[in-house]
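Good morning, and thank you for the time on today's agenda. I would like to take you through one protein model, step by step.

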Amino acid sequence: LKLKVSRFQVVRIVGLSTLGKMETEMLPLATEEGSDGSELQARPQGVRWSGRARFALATAAVVCLLGAVFVRTQKADMDGTGVAGVAGVAGLDEVGDCKEWCSKERNAHKPWEQKCRWENCRQCSECTELPEIPPLAKTPYQLMPCEGSINTTTSLTGADYDAVVKSITDALGNLDPVCNATTCPQADVSGCILRMAGHDFMDFNAQTNLGGSDGCTDMKEGDNAGLDQCLVAGTEYGFELYTFYRQFCTKVSLADFIVIAAEAAMTFTRGVYLAEFPDRAQMDFKSQFKFGRTTAGECDYSAHVLPSPEVCDDVTRVFVDNLGLKWSQAAALMGVHTLGRASTENSGYDGWWSDPENSRRFNNNYFVSILAKGWMPERAINGNPLKNQWKVTDVGFDEKVSGKQMMLDTDMCLAFSKGLLSYKGLSAANNDCCTWTFALNLAEGGIDTYNDGKFCGESDKAKIDLWKSLPKGTSVANRIALWKVWEEDTGVGAFQTFADMREQCCQGLRRFSGEFEGFSDCGGVSHPTGLAPHAVEEFANDED
């Protein structure tokens with residue numbers, strides 16, 4: 001692996017089987033040529049992959065990370081009680097009314113034996129009247145039964161792969177393409193698909209060699225709230241992966257299908273982006289896809305392993321320690337947050353990671369947003385003191401127009417921390433500060449190429465060019481010397497320019513006073529001290 005990789009290079013690299021080491025020799029398996037002349041290779045059976053190799057081979061769609069691409073759905077989260085879940089469905093407050101939701105047109109074709117496996121249908125009279133209530137589905141395998149399904153894909157042609165991809169991209173294309181402050185169907189559904197794939201592989205542990213893309217995650221975990229709708233119950237837009245899986249379950253394992261579905265979502269949303277910016281890089285998953293993943297029916301090892309959105313150290317635990325990634329790769333994977341949004345119904349958080357339109361485009365806007373916008377804490381989301389996030393504080397930002405935008409601690413700590421010279425953590429719940437950085441850090445493309453020439457909402461080119469020219473320096477003494485020369489060249493006060501940038505990014509505050517007394521900049525603004533600041537800066541300035 002290259003030490004310097006872009007998000008899309010990581011996407012291309014991780015699907016290869018040549019990374020890391022294998023514990024046994026590769027078993028000889030012939031490749032099968034597709035009708036289009038392409039070849040798809042099988043993952044060798046009987047081989048356990050160790051470290052990064054197993055993770056890489058198991059996840060060609062490994063950009064689906066952190067389990068925080070939360071799709072907006074109608075249903076309340078799975079709380080394990082059944083009754084409470086029903087009360088949250090579309091505002092219904094009586095158990096008897098659950099039939100109104102569970103028997104909607106999009107669910108009418110499903111037998112009650114199946115629907116009674118869904119958390120929010122379990123209390124329906126149709127379920128309680130069954131001679132034997134089916135066991136509550138705990139895994140996708142249990143949730144998506146399919147007659148004649150296979151556990152391991154033994155052969156797959158290029159035409160087979162294309163058929164799976166086409167079924168999903170066509171469905172995404174049939175969704176309403178309109179994106180505004182409150183709705184964006186293509187973003188929500190794409191985010192849901194990636195969330196499923198991410199939750200599937202993020203239980204991998206290089207030390208125990210358990211988990212990975214095996215089509216299994218604990219559906220009873222609160223972190224998986226809402227995924228049952230994305231898989232089988234239908235999102236509010238009528239989309240469910242089960243519809244497409246049933247078409248291919250006799251040919252493709254559920255584990256492989258989930259990976260292909262994620263690749264299809266990224267392919268589609270990249271296409272949306274390329275339609276407007278055709279000169280940007282294409283993406284090719286098919287040529288690197290490896291089939292042969294085995295679906296796990298149960299996965300107790302996946303419980304309680306997903307990262308907490310408000311614990312920055314969990315990024316280290318999951319991506320660096322468990323998955324064995326470098327920080328640049330971990331940061332690259334986080335870029336999947338450019339798709340979809342968080343919702344209080346599922347995660348408890350609220351907002352887009354990007355603006356609504358960019359939330360249906362697979363691009364680098366996530367990294368641009370971290371650096372090219374100002375952020376301050378927003379606490380007790382929806383009245384819950386355990387849910388805290390970061391909100392945009394650019395002067396002139398209008399939530400009614402641009403939508404509710406947010407970042408989680410695990411997003412922000414990639415670039416920022418409370419430390420002036422080194423990483424010291426970051427918490428929306430506990431830190432009173434504003435994250436922003438010098439415009440110079442986005443001078444290589446982050447502002448002009450990828451953010452429509454804007455910095456913290458400011459679009460005046462002359463002003464931004466001045467801001468981009470303000471030196472950072474390598475030390476306090478060096479900065480003072482450089483600022484003195486800069487003032488002589490421009491005739492403008494350096495500290496005044498510094499304060500102008502802060503004011504633009506931090507809610508109009510040149511100095512932190514009044515109700516913001518005690519606030520400060522989040523660490524070093526010229527040289528951010530997060531976990532992977534250089535990678536975030538690189539990806540924001542050049543997505544290729």
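I shall speak about confidence, then disulfides, then one histidine, and finally a sheet.

Let me begin with confidence. What you see is a predicted model, and its protein chain has an average pLDDT of 82. Of the residues, 79% score at least 70. Two stretches call for caution. Over residues 1-37 the pLDDT is below 50, and this stretch has 106 contacts in the model beyond near neighbours in sequence. Residues 44-96 also have a pLDDT below 50, and there the model shows 206 contacts beyond near neighbours in sequence.

I turn now to the disulfides. As a reminder, a disulfide is a covalent bond between the sulfur atoms of two cysteines. How many disulfides does a search of the whole structure find? The search finds seven, and I shall describe three of them.

The pair I take up here is Cys 216 and Cys 299, whose sulfur atoms lie 2.1 Å apart. The torsion about their S-S bond is -85 degrees, and the link is left-handed. Where do the two partners sit in the chain? Cys 216 belongs to the loop between α9 (185-201) and α10 (227-233), while Cys 299 belongs to the loop between β3 (290-291) and α13 (313-322). The pair therefore links distant parts of the chain, 83 residues apart. Is Cys 216 buried or exposed? Cys 216 counts as buried because its relative accessibility is 0%, which is under the 20% cut-off. Cys 299 is buried as well, with a relative accessible area of 3%.

Next come two neighbouring cysteines in strand β9, beginning with Cys 433. A disulfide joins Cys 433 to Cys 522, with the sulfur atoms 2.0 Å apart. Why is this disulfide right-handed? The torsion about the S-S bond is about 90 degrees, so the link of Cys 433 and Cys 522 is right-handed. Cys 433 lies in strand β9 (residues 433-434) and Cys 522 in the loop between β10 (520-521) and α21 (533-541), so the disulfide ties together parts that are 89 residues apart in sequence. Cys 433 and Cys 522 are both buried.

Cys 434 forms a disulfide with Cys 506, at an S to S distance of 2.0 Å. Here the value about the S-S bond is -90 degrees, and the link is left-handed. Cys 434 is in strand β9, whereas Cys 506 is in the loop between α20 (494-505) and β10; the two are 72 residues apart. Both cysteines of this pair, Cys 434 and Cys 506, are buried.

Two further cysteines deserve a brief mention. Cys 312 is buried, with a relative accessible area of 7%, and Cys 413 is buried at 0%.

Let us move to the histidine. His 199 is part of helix α9. At a relative accessibility of 1%, His 199 counts as buried. Which residue does the side chain of His 199 contact? The side chain of His 199 makes a polar contact with that of Asn 224, at 2.4 Å.

I close with the sheet. Three strands form an open sheet in the order β6-β7-β8, and their pairing is antiparallel. Why is one side of β6 and of β8 left without a neighbour in the sheet? Strands β6 (375-378) and β8 (406-407) stand at the edges and have a single partner strand each, so one side of each has no neighbour in the sheet. Strand β7 (residues 389-392) pairs with β8 in the antiparallel sense over two bridges. Within this part of the sheet, Trp 390 has Met 407 in β8 as its bridge partner.

Thank you for your attention.

Key. Residues numbered from 1 in each chain as written. Predicted model: local features only at pLDDT ≥ 70, side-chain atom pairs only at ≥ 80, totals over all residues. Heavy atoms only, no water. pLDDT = per-residue confidence, 0-100. Contact = heavy atoms within 4.5 Å. Disulfide = S-S within 2.5 Å. Helix = DSSP H or I, 4+ residues; strand = E, 2+ residues; numbered from the N terminus. Buried < 20%, exposed > 50% of the residue type's maximum accessible area, 1.4 Å probe, protein only. Polar contact = N/O pair within 3.5 Å; in protein donor to acceptor, adjacent residues only side chain to side chain. Pairing = 2+ DSSP bridges.
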